Amino acid sequence: MSKGVPVRPPEELYSIHRDPGATNQPVLVHAFSGFVDAGAGVRVAADHILKTCEHQLIATFDVDEVLDYRARRPRMSFVMDHFASVDIPQITLHEVTDSAGTPFLLLVGPEPDYQWQRFIQAVDGLARRFEVRLAVGLSAIPWPAPHTRPMGLTMHGSEPELISGHASVIGEIEVPGHIEAMLEFHFGQHGIPSIGVTAQVPHYLVQYEYPQAAQALLGGLTMACGLLIPSQDLAEAGARASKEIEDQLAGNEEFRGVVAALESQYDQGTAAGGAMRTSSDLPPSGQMPTGEEIAAQVEQFLQGLSEDDDRPKDGD
């Protein structure tokens with residue numbers, strides 16, 4: 001920052017409407033739609049939590065400071081001869097009560113485009129003000145696995161004991177930064193234990209709304225910190241989505257072939273005792289992709305998203 005330019009306080013990014021009613025060092029769940037939200041799993045999971053659980057608004061962020069409206073233009077409704085409404089995105093913090101009566105904090109909204117470091121400091125300040133004991137981030141990535149098999153989860157965290165029993169097939173990779181990962185890293189570096197729950201969405205479904213991803217994330221949330229969110233509505237929506245996929249399979253032999261090959265390799269990996277997921281770039285018959293190969297595919301996909309982000313938006 002240039003000498004003489006004042007540092008803008010992160011507290012000015014948000015407005016607090018009320019303090020949480022609970023004082024028992026709550027869990028903070030952060031769930032941002034956008035960059036790492038394959039199958040809209042994060043968005044659907046966050047919407048589902050607010051739809052099915054009692055909640056109250058705690059704070060709102062100034063989205064004019066952190067969002068690029070030209071990249072994600074607000075939806076407007078035009079009726080006959082006039083504009084009737086506009087849906088401005090919001091980043092909000094809620095106190096939520098799960099189905100067992102446990103209160104927690106939920107930070108939701110689109111991933112910020114600007115002022116990431118200031119935004120992270122603002123979230124950090126709220127976490128310390130409300131004495132957060134654990135932060136849990138939700139995300140969803142494309143994964144070389146068939147939709148006909150159980151969806152996998154990747155669990156990661158700032159301390160090994162937080163994710164005990166959850167082995168990863170990914171070694172060391174470099175991926176574009178995103179706000180979920182930045183918050184997880186920041187909290188871990190500054191004394192607040194932090195966990196990430198990532199759904200592994202079949203790579204050929206990432207552009208569609210896939211309720212199974214949201215359901216898997218809620219299950220991962222329970223594993224990570226014990227929060228209980230009812231998911232019957234998501235199960236029903238998932239069943240409808242599966243039927244639509246099967247209808248598409250029925251008329252597409254190429255698609256059926258890809259899914260069958262993924263199923264075969266998934267089953268080989270399961271029989272071998274591993275949690276290996278398979279690749280859309282199928283290796284020769286009988287060979288399973290290594291963890292490094294899967295990592296390379298995930299890295300390539302995320303890098304592609306990053307390059308799309310860097311392209312000029314309409315109106316630039």
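## Report on a predicted model

Gln 115 is partly exposed, with a relative accessible area of 26%; buried means under 20% relative accessible area, exposed over 50%, and partly exposed in between (1.4 Å probe, protein chains only). This is a predicted model, in which local features need pLDDT of at least 70, side-chain atom pairs count only at pLDDT 80 or more, and totals for chains, interfaces and linings use all residues. Residues are numbered from 1 along each chain as its sequence is written, and side-chain values use heavy atoms, with hydrogens and water left out.

Gln 115 lies in the loop between β7 (103-110) and α3. Helices (H or I, at least four residues) and strands (E, at least two) are DSSP runs numbered from the N terminus. Although Gln 115 is not a glycine, its phi is positive, at about 55 degrees. Most residues other than glycine have a negative phi. Glu 131 also has a positive phi of about 55 degrees and is not a glycine. Its place is the loop between α3 and β8, and Glu 131 is partly exposed at 46% relative accessible area.

### Overall fold

The protein has eight helices and 10 strands. Of its 316 residues, 44% count as buried. Among contacts (heavy atoms within 4.5 Å) with a separation of 6 or more, 79% are between residues 24 or more positions apart. The accessible surface is about 16,300 Å², and carbon and sulfur atoms hold 50% of that surface; such areas come from the Shrake-Rupley method with a 1.4 Å probe, and for residues only the protein chains shown count as cover.

### Three residues and their contacts

The contacts below leave aside sequence neighbours within four places.

| Residue | Element | Relative accessible area | Contacts |
|---|---|---|---|
| Ser 33 | β2 (residues 27-33) | 19%, buried | Val 42, Arg 43, Arg 72, Gly 109, Pro 110, Glu 111 |
| Asp 87 | β5 (residues 82-87) | 52%, exposed | Pro 74, Arg 75 |
| Arg 133 | loop between α3 (116-129) and β8 | 43%, partly exposed | Asn 24, Gln 25, Pro 26, Val 27, Pro 193 |

Asp 87 and Arg 73 are 14 residues apart along the chain, and their C-alpha atoms are separated by 9.5 Å. For Arg 133 and Asn 24, the sequence separation is 109 residues and the C-alpha to C-alpha distance is 8.9 Å.

### Largest pocket

The largest pocket has a volume of about 710 Å³. It is lined by 31 residues, of which His 156, Val 175, His 178, Ala 181 and Glu 184 are the closest to its centre. On a 1 Å grid over the protein atoms alone, a pocket is an open set of points where a 1.4 Å probe fits, with protein on both sides within 12 Å along at least five of seven lines, and lining residues have an atom within 4 Å of a point. Grid points are joined across faces, edges and corners, and the volume is the space filled by probe spheres set on the points.

At least two lining residues come from each of β8 (134-143), β9 (152-157), α4 (179-189), β10 (194-202) and α8 (291-310). The most come from α4, with six residues. The lining divides into 13 nonpolar, 15 polar and three charged residues. Here Ala, Val, Leu, Ile, Met, Phe, Trp, Tyr, Cys and Pro count as nonpolar, Asp, Glu, Lys and Arg as charged, and the others, Gly among them, as polar.

### Cysteines

Cys 53 is buried at 7% relative accessible area, and Cys 225 is buried at 19%. With a disulfide taken as a pair of cysteine sulfur atoms within 2.5 Å, the count is zero disulfides.
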